[in-house]
Amino acid sequence: MLLKGSCHCRAVRFSLRSETPYPYMWCYCSICRKTAGGGGYAINIMGRADSLQVKGRTKAYRATRGGGERRFCPKCGSALWVWDKRWAQWVYPFASAIDTKLPVPRERQLIFLQSKANWAQVPQGSRFGEYPKESIIDWHRKRGLLAA
């Protein structure tokens with residue numbers, strides 16, 4: 001599936017191919033919450049890093065914890081995607097930056113709940129203190145949801 005995304009001011013536009021477009025995983029870690037999560041969480045999906053095409057200039061933020069490089073628009077500050085050298089073949093766009101209609105997941109996973117803000121409301125879903133053992137691609141594969 002071809003995903004197209006942009007920042008709020010439209011100075012940055014991007015596209016990438018994704019086999020795993022369901023926005024089912026809500027991350028409550030302090031990094032996602034503070035850089036992209038107005039509701040106390042952020043939702044990342046996954047696409048192929050070698051298919052990422054970008055128009056416009058982005059800036060990177062590297063948190064001290066973890067290996068991720070978070071890309072954002074330097075004009076409006078919109079969070080766009082995360083790339084991590086540990087999984088260099090993938091890029092993780094924030095679902096909030098995607099303009100393409102995404103499929104609606106029937107379930108959700110709520111991760112890094114040990115980092116959630118005390119005010120954040122946690123909806124129904126599978127709950128995890130950190131990352132679940134099941135990867136994003138395995139979650140899609142197990143449910144027959146891999147996009148062509």
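**Figure 1. Residue classes in the lining of the second largest pocket.** The lining divides into 5 charged, 4 polar and 2 nonpolar residues. The model shown here, as in every view below, is predicted. Lining residues from the early part of the chain are K4, G5, S6, R10, R13, F14 and S15. Q53, V54, K55 and D99 also line this pocket. The space in the second largest pocket comes to about 170 Å³. Three strands each supply at least two residues of the lining: β1 (2-6), β2 (13-17) and β6 (53-55).

**Figure 2. Strand pairing beside the pocket: β1, β2 and β6.** β1 and β2 are antiparallel and share 5 bridges. In this pair, K4 stands opposite S15 of β2. β2 also pairs with β6, again in the antiparallel sense, over 3 bridges. Here S15 stands opposite Q53 of β6. K4, S15 and Q53 are among the residues that line the second largest pocket. Strands of a sheet pair through backbone hydrogen bonds, and the sense may be parallel or antiparallel.

**Figure 3. The turn at R10.** β1 and β2 form a hairpin, with 6 residues between the two strands. R10 sits in the loop between β1 and β2. Its phi is near 70 degrees, which is positive in a residue other than glycine. How large is the relative accessible area of R10? It is 38%, so R10 counts as partly exposed. R10 is also one of the residues lining the second largest pocket.

**Figure 4. The open sheet of five strands.** The strand order is β5-β10-β9-β8-β7, and the pairing is antiparallel. Which strands lie at the edges? They are β5 (47-48) and β7, each of which pairs on one side only. Strand β7 covers residues 59-62, and 4 bridges join it to β8, residues 68-72. β8 in turn pairs with β9, residues 79-84, over 5 bridges. Both of these pairs are antiparallel.

**Figure 5. R70 and its partners across the sheet.** R70 belongs to β8 and has Y61 opposite it. R70 also stands opposite V82 in β9. Farther along the pairing of β8 with β9, F72 stands opposite A79 of β9.

**Figure 6. The hairpin of β8 and β9.** There are 6 residues between the two strands of this hairpin. Which residue of the hairpin takes a positive phi? G77 does, with a value near 85 degrees. In the hairpin of β1 and β2, the residue with positive phi is R10, at about 70 degrees.

**Figure 7. F112, a buried loop residue with positive phi.** F112 lies in the loop between β11 (109-111) and β12 (126-127). Its phi is positive, about 55 degrees, although F112 is not a glycine. Is F112 buried or exposed? Its relative accessible area is 13%, under the 20% cut-off, so F112 is buried.

**Figure 8. R141 in helix α2.** R141 is found in helix α2, which covers residues 136-142. At 46% relative accessibility, R141 counts as partly exposed. A63 lies 78 residues away from R141 along the chain. The C-alpha atoms of R141 and A63 are separated by 30 Å.

**Figure 9. The setting of the close-ups: the whole chain.** The protein has 12 strands and 2 helices. In sequence order the pattern is β-β-β-α-β-β-β-β-β-β-β-β-β-α. The radius of gyration is 14 Å, close to the 15 Å that the globule rule gives for 148 residues, so the protein is as compact as a globular protein of that length. The C-alpha trace spans about 35 × 35 × 25 Å along its principal axes. Of the 148 residues, 45% are buried. What share of the contacts between residues at least 6 apart in sequence join residues at least 24 apart? The share is 60%.

Note on methods:
Residues numbered from 1 in each chain as written. Predicted model: local features only at pLDDT ≥ 70, side-chain atom pairs only at ≥ 80, totals over all residues. Heavy atoms only, no water. Pairing = 2+ DSSP bridges. Helix = DSSP H or I, 4+ residues; strand = E, 2+ residues; numbered from the N terminus. 1 Å grid on protein atoms, 1.4 Å probe; cavity = no way out; pocket = protein on both sides within 12 Å on 5 of 7 lines; lining within 4 Å. Points joined across faces, edges and corners; volume = space filled by probe spheres on them. Nonpolar A, V, L, I, M, F, W, Y, C, P; charged D, E, K, R; others polar. Rg over C-alpha atoms; globule rule 2.2 N^0.38 Å. Buried < 20%, exposed > 50% of the residue type's maximum accessible area, 1.4 Å probe, protein only. Contact = heavy atoms within 4.5 Å.
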